[in-house]
Amino acid sequence: MTEASAAATDLLARWLAQLSAVRGASPRTITAYRRDVSGYLGFLARHWGGPCGAPRLAEVGPTDMRAWMAEERNRGLSARSLARSLSAVKSFHAWLAEAEGAEAPAVTATRGPRRKARLPRPVAPEAAKALIETIELQSLKSWVGARDMAVATLLYGCGLRISEALSLTQGDAPLGETLRIRGKGGKERLVPVLPVARRAVESYRALCPFAPGPAAPLFLGARGGPLNPRLVQGAMAAARRQLGLPATATPHALRHSFATHLLEAGGDLRTIQELLGHASLATTQVYTGVDQARLMESYLAAHPKARG
């Protein structure tokens, strides 16, 4: 940071050291925070035409924050990236208030840019079926292909997160008509299990060369340990490339597809919320946007007046 003062540089270094030592922030997080806050402090040094140590930083006002955010947007920073930078700046100022007594209320009160909601990217029902069938063929070992197919079937057939599927144990099998899943925040939910999912899991179990105890993971890696989710993601990537599908066709997209296809078939939002394990109905309502978006695409493609 060449344009900020030595005092500001020292403050930044102390804050990052505290994040690393006390909070255990990852090197990647430290690098991102250093870049974001360094740029902010460099802007203030130019904006004020002078040093910006702790006493001066306590004087940051709404006008200063608006000017910084305007400069960031003018240089092409997206709303999402600017929101991330603002979060880093707020974290830095919170530490500054605690460590140096230099509070800057204007920073805390600054609101980030509005971000356009990102709709889930489900795959079509035919593509979901093709992905599940193709993923079985990505391994030379039949039991590994059956394993990956079983995982993918649970993601699409039960709406599970990949972490939830991989948290199942040998004691959960053979699968019954319902599964008790512990999701985010320890929230439990019951999800129905389709016969096709039960058959996929049993086919995998019949081929699996390992025989661990009931507390062991249901889905095992090549050496008999817990299955790494990256292996499922890799098999999915190979399948989508073979089928010519976009990069958005990920394991999590199968969960999105589960919800979207249920909604299209007439499922109500409250039921879908419970099946997905969403704490808030507002989270589930994003799928209505997907449904409406597809409706508009169909309208624009088919209606004779749509292009007029």
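# A guided tour of a helical model

Start with the whole protein in view: among contacts (heavy atoms within 4.5 Å) with a separation of 6 or more, 62% join residues 24 or more positions apart. This is a predicted model, in which local features need pLDDT of at least 70 and side-chain atom pairs count only at pLDDT 80 or more, while totals for chains, interfaces and linings use all residues. Residues are numbered from 1 along each chain as its sequence is written, and side-chain values use heavy atoms, with hydrogens and water left out.

**The overall view**

Switch on the cartoon and you will find 15 helices and two strands; these are DSSP runs numbered from the N terminus, H or I over at least four residues for helices and E over at least two for strands. Of the 308 residues, 42% are buried, that is, under 20% relative accessible area, with exposed meaning over 50% and partly exposed in between (1.4 Å probe, protein chains only). Show the surface next: its accessible area is about 16,700 Å², and carbon and sulfur atoms contribute 54% of that.

Now colour by pLDDT, the predictor's confidence in each residue from 0 to 100. The mean is 84, and 85% of the residues reach 70 or more. Which elements have the lowest and the highest mean pLDDT? Helix α15 (residues 286–302) is the lowest at 52, and helix α10 (residues 195–207) the highest at 96. Where pLDDT is low, the predicted coordinates should not be read in detail.

**First stop: α1 and α2**

Select residues 6–21 for α1 and 27–48 for α2; their axes come within 11 Å and cross at roughly 155°. Axes here are lines fitted to C-alpha atoms, for helices over the stretch in contact, with angles from 0 to 180 degrees between N-to-C directions. The crossing angle makes α1 roughly antiparallel to α2, a label for angles over 145 degrees, whereas those under 35 count as roughly parallel, 65 to 115 as roughly perpendicular and the rest as oblique. The crossing is right-handed, meaning that the near helix is turned clockwise from the far one by less than a right angle; anticlockwise would be left-handed. Show side chains to see A8, L12, W15, L16, L19 and S20 of α1 meeting I30, Y33, R34, V37, S38 and L41 of α2.

**Second stop: α8 and its partners**

Select α8 (residues 142–158) together with α10: the axes come within 8 Å and cross at roughly 155°. That makes α8 roughly antiparallel to α10. Their crossing is left-handed. On the α8 side the contact includes W143, R147 and L154, and on the α10 side V196, Y204 and L207 are among the residues involved.

Swap α10 for α12 (251–264). What is the angle between α8 and α12? They pack at about 30°, with their axes 7 Å apart, and are therefore roughly parallel to each other. This crossing is right-handed. Look for A152, L155, Y156, G157 and C158 of α8 against P251, L254, R255, S257, F258 and H261 of α12.

**Last stop: α7 and L243**

Select α7 (residues 125–135), where A127, A128, L131, I132, T134 and I135 are buried. These buried residues pack against α8, α11 (229–243) and α12.

Finish by zooming in on L243, in helix α11. Leaving aside residues up to four places away in sequence, L243 touches A130, L131 and T134. L243 and T134 are 109 residues apart in sequence, yet their C-alpha atoms are 8.3 Å apart in space. L243 is partly exposed, with a relative accessible area of 35%.

How values were computed
Accessible areas come from the Shrake-Rupley method with a 1.4 Å probe; for residues, only the protein chains shown count as cover.
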